[in-house]
Amino acid sequence: MSQLEQYITIKNKLGLHARAAVKLAELALKFDATVTLVHGDKSASAASVMGLLMLETCQGQQIVIQAQGADAHNALEAVKQLIEDKFEEEE
């Protein structure tokens, strides 16, 4: 099974904070795929709020979204869109 990968920059002011991590985890759980976020030497399941918070990402930092599974493409695109939309928190 191949793994998809996409680099993206965190755009929202607060980075991947608690509210954003909950939104991301809820979204990731909707797909038949394993989604992982990588920041530097740290990685976390997109379905784990605590893991996402431990990535300590801030505005302007680049992360990698990795997706694997039957819904990998759709999951990656949805996560990418959520991040590009600044977790739907900013105008």
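**Sheet, helices and core of the predicted model**

Strands β2 and β4 run antiparallel and are joined by 5 bridges. The structure is a predicted model, in which local features need pLDDT of at least 70 and side-chain atom pairs count only at pLDDT 80 or more, while totals for chains, interfaces and linings use all residues. Residues are numbered from 1 along each chain as its sequence is written, and side-chain values use heavy atoms, with hydrogens and water left out. Helices (H or I, at least four residues) and strands (E, at least two) are DSSP runs, numbered from the N terminus. Two strands are said to pair if DSSP finds at least two bridges between them.

The strands form an open sheet of 4 members in the order β1-β4-β2-β3, with antiparallel pairing. Its edge strands are β1 (3–9) and β3, each of which pairs on one side only. On average, neighbouring strands are turned by 20 degrees against each other, direction ignored; axes are lines fitted to C-alpha atoms, for helices over the stretch in contact, and angles run from 0 to 180 degrees between N-to-C directions. Strands of a sheet pair through backbone hydrogen bonds, either parallel or antiparallel. Between β1 and β4 there are 7 bridges, and I8 stands opposite I63 in β4. On β2, T36 has Q66 of β4 as its bridge partner, whereas L37 is bridged to A44 in β3. The antiparallel pairing of β2 with β3 (residues 42–45) extends over 4 bridges. In the hairpin of these two strands, 2 residues lie between them, and G40 adopts a positive phi near 65 degrees.

Strand β2 is mostly covered, since 5 of its 6 residues are buried; buried denotes under 20% relative accessible area, exposed over 50%, and partly exposed the range in between (1.4 Å probe, protein chains only). H39, located in β2, counts as buried because its relative accessible area is 16%. Its side chain reaches the backbone oxygen of L55 at 3.0 Å and makes a polar contact of 3.3 Å with the side chain of Q61. A polar contact is a pair of N or O atoms within 3.5 Å; within protein, one must be able to donate a hydrogen and the other to accept it, and residues adjacent in sequence count only if both atoms are side-chain atoms.

Helix α1 (residues 18–28) has A20, A21, L24, A25, L27 and A28 as its buried residues. These residues lie on the same side of α1 because they cover an arc of only 160 degrees around the axis, the arc being that of the directions from the helix axis to the C-beta atoms. They pack against β2 (34–39), α2 (49–54) and α3. Helix α3 in turn lies across β1, β2 and β4, running at about 5 degrees to β1.

The largest nonpolar core (a set of buried Ala, Val, Leu, Ile, Met, Phe, Trp, Tyr and Cys residues joined through side-chain atoms within 4.5 Å) has 26 residues, of which L24, V35, L37, I65 and I83 touch the most other members. At least two residues of this core come from each of α1, β2, β4 and α3, and α3 supplies the largest share, 7 residues. Leaving aside neighbours within four places in sequence, L24 is in contact (heavy atoms within 4.5 Å) with L16, L37, A46, L52, V79, L82 and F87.

Outside the helices and strands, A70 lies in the loop between β4 (62–68) and α3 (72–84). A70 counts as exposed because its relative accessibility is 66%.
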